[in-house]
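Here is a short report on one protein model. Please look over the sequence and structure before reading on.

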Amino acid sequence: MISWRKHYKQTLIAIGLLLSTSASIYGQDGDPKNGEKLFKANCTACHALDKQVIGPPLKGVVERVKTEGGVDKDWLHKWIKDNKALRASGDKYANEIFEKFNKTEMLQFPNLTDKDIDDILAFTTNPPAPEEKKPAAGTATADGAAAAPANNTTTSVVIISLLAIAALLVWILIKLRQLVKLGQSEDLAGLNETRVKSFSEIYEKYHYIGKAALGILALLAAYGVWNWIMWIGVYKGYKPEQPIYFSHKIHAGEQKIDCQLCHSSAKYGKVSEIPSMNVCMNCHRTISEYNADHYMEPGKDKAFYDGEIQKIYAATGWDPAKQVYTGKTQPVEWTRIHNMPDFVYFNHSQHVVAGEQAIINSFNKKNPNNKIDVVCKACHGKIDTMNVVQMANDFTMGWCIECHRTTEVDMNNGYNKEYFKNLHDKLKKQYPQDGGKITVDAIGGLECGKCHY
């Protein structure tokens with residue numbers, strides 16, 4: 001009886017310790033799942049859970065501030081809602097953090113309620129474990145074995161069987177031919193000897209037909225050579241591999257980034273330049289990994305995209321761990337896709353600014369089932385749907401002329417309405433038969449000197 005009571009007491013003590021330990025580890029106020037959503041919406045621009053971005057890693061931040069600064073969650077509430085006011089009050093720990101991170105001022109979140117902040121802190125204290133993804137069929141597993149290896153043996157057997165059948169059919173045909181020759185009569189054998197067997201005899205007999213055929217072949221050859229010459233330098237569909245992978249569908253399509261945010265000189269310059277790597281760093285200084293699980297290209301995974309972001313850091317000399325530039329940069333040799341010949345003048349600003357609405361209207365009129373909303377798409381295609389950018393049009397002289405002949409001048413364009421008022425009035429009188437509709441060719445769009453000066 002004494003022994004049983006002794007073990008009973010020990011069991012109760014063990015259970016009590018276990019429950020108290022669990023409560024100390026997992027006991028928390030707030031909903032981690034909702035906290036994860038709030039964290040992604042408000043915090044990921046400057047923070048990550050397990051590494052420093054602009055601000056420090058936030059995993060275990062509640063325990064960390066308690067250990068380092070001797071403050072509790074109420075202090076974190078004040079810091080998150082209005083850290084500037086907290087520092088202004090003379091709070092020692094708040095000012096220490098501000099100094100530690102190079103006086104980078106954190107955003108204020110007065111819109112977050114106490115419950116929202118508790119949910120975020122609950123997420124940073126006990127983030128849910130990431131879900132394991134099953135390997136795709138045919139991919140290698142952790143031990144190096146294929147998840148669904150192809151049955152190579154069966155394939156080999158099928159190929160060998162088909163080759164054997166083909167060889168058998170050839171042998172049968174040879175034997176049949178030999179039997180037919182053996183069975184020929186003497187009359188047929190004599191007839192075979194009288195057949196015309198040389199090409200010169202055939203040509204002599206049918207020389208008119210031969211000359212006509214040669215003439216047709218010569219014309220076809222000349223047309224083929226001419227057609228080949230005319231398509232020199234036309235690279236429609238050209239999509240080279242770039243040194244750093246960049247998906248326009250992710251950036252312009254999924255993220256809705258405007259074309260001119262990166263290609264800023266297209267609107268006010270002759271050339272739409274390739275953006276510098278500093279433009280990339282405007283966003284990727286804080287976006288160090290790919291977390292858009294809702295869109296993943298076929299054959300690519302998160303590790304692939306993360307690796308390409310690291311190439312940006314290597315090119316710009318950015319140290320993501322220390323959040324500083326090292327000064328060790330690497331040039332990026334981009335492969336140019338769209339390149340007009342040296343004897344052709346093309347001004348982007350003239351089309352993007354002066355002709356923007358006219359080009360969009362003309363394109364949509366000709367392509368009612370494939371409309372565009374940005375002038376860039378008229379020439380470059382629907383870039384926001386391309387993972388790999390390619391030349392969407394011919395960019396030949398005929399292609400440009402056809403556009404100038406069918407695109408109407410926008411008489412009400414705010415950029416040139418007053419400046420070209422007299423010219424527009426003159427053109428309306430000059431082309432009354434078209435109901436006042438003036439196309440680009442009427443204002444000199446077909447003059448040689450406009451493009452070949």
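## Overall picture

The protein exposes about 32,100 Å². Carbon and sulfur atoms supply 59% of that area. The model is predicted. Its secondary structure comes to 20 helices and 2 strands. Of the 453 residues in the protein, 24% are buried.

Contacts can also be sorted by sequence distance. Taking contacts between residues at least 6 apart in sequence, 61% join residues at least 24 apart.

## The largest nonpolar core

In soluble globular proteins, nonpolar side chains tend to be buried together. Here the largest nonpolar core has 23 residues. Four of its residues touch the most other members: F39, V65, W75 and W79. Several helices feed this core, with at least two residues each from α2 (32–42), α3 (61–69), α4, α5 (92–100) and α6. The largest share comes from α4, with 5 residues.

V65 shows what such a core residue touches. Leaving aside neighbours within four places in sequence, V65 is in contact with G70, V71, W75, L76 and Y93. W75 is thus a contact of V65, and W75 is also listed with V65 among the residues that touch the most other core members.

## A nonpolar patch on the surface

Nonpolar side chains also appear on the outside. A nonpolar surface patch covers about 1,000 Å². Its members are V158, L162, I165, L168, L169, W171, I172, L173, L176 and L179.

V158 lies in helix α7, which spans residues 152–182. How accessible is V158? Its relative accessible area is 44%, so V158 counts as partly exposed.

## Salt bridges

Side chains of opposite charge can pair when their charged atoms come close. The structure holds 11 salt bridges. One of them joins D114 and K81, with the closest N and O atoms 3.0 Å apart. This pair links distant parts of the chain. D114 sits in helix α6 (residues 114–125) and K81 in helix α4 (residues 73–88), 33 residues apart. Both ends are partly exposed: D114 has 43% relative accessibility, and K81 has 27%.

A second bridge stays inside one helix. K311 pairs with E308, the closest N and O atoms being 3.2 Å apart. The two residues are 3 apart in helix α14 (residues 302–316), so about one helical turn separates them. K311 is partly exposed, at 37% relative accessible area. E308 is buried, at 11%.

A third bridge forms between E408 and K365, at 3.9 Å from N to O. This one again links distant parts of the chain, 43 residues apart. E408 is in the loop between α18 (397–406) and α19 (421–430), while K365 is in helix α16 (residues 356–366). E408 is partly exposed, with a relative accessible area of 29%. K365 is exposed, at 63%. Elsewhere, E289, K302 and D306 are joined into one network by salt bridges that share partners.

## T316 in helix α14

T316 is placed in helix α14. Is T316 buried or exposed? With a relative accessible area of 8%, T316 is buried, because the cut-off for buried is under 20%.

Where does its polar side chain point? The side chain of T316 reaches the backbone oxygen of I312 at 2.9 Å. The backbone oxygen of Y313 lies 3.4 Å from a polar atom of the T316 side chain. Leaving aside neighbours within four places in sequence, T316 is in contact with M277, M281, Y325 and T329.

## Two positive phi angles

Two loop residues deserve a look at the backbone. Q323 is not a glycine, yet has a positive phi of about 60°. Q323 is in the loop between β1 (318–319) and β2 (324–325). At 12% relative accessibility, Q323 counts as buried.

F395 is not a glycine either, and has a positive phi of about 55°. F395 is in the loop between α17 (376–380) and α18.

Key:
Residues numbered from 1 in each chain as written. Predicted model: local features only at pLDDT ≥ 70, side-chain atom pairs only at ≥ 80, totals over all residues. Heavy atoms only, no water. Salt bridge = Lys/Arg side-chain N within 4 Å of Asp/Glu carboxyl O. Helix = DSSP H or I, 4+ residues; strand = E, 2+ residues; numbered from the N terminus. Buried < 20%, exposed > 50% of the residue type's maximum accessible area, 1.4 Å probe, protein only. Polar contact = N/O pair within 3.5 Å; in protein donor to acceptor, adjacent residues only side chain to side chain. Contact = heavy atoms within 4.5 Å. Core = buried A, V, L, I, M, F, W, Y, C linked by side-chain atoms within 4.5 Å. Areas by Shrake-Rupley, 256 points an atom, 1.4 Å probe, with all protein chains shown as cover. Patch = residues over 30% accessible without salt bridge, like charges linked within 9 Å, V, L, I, M, F, W, Y side chains within 5 Å.
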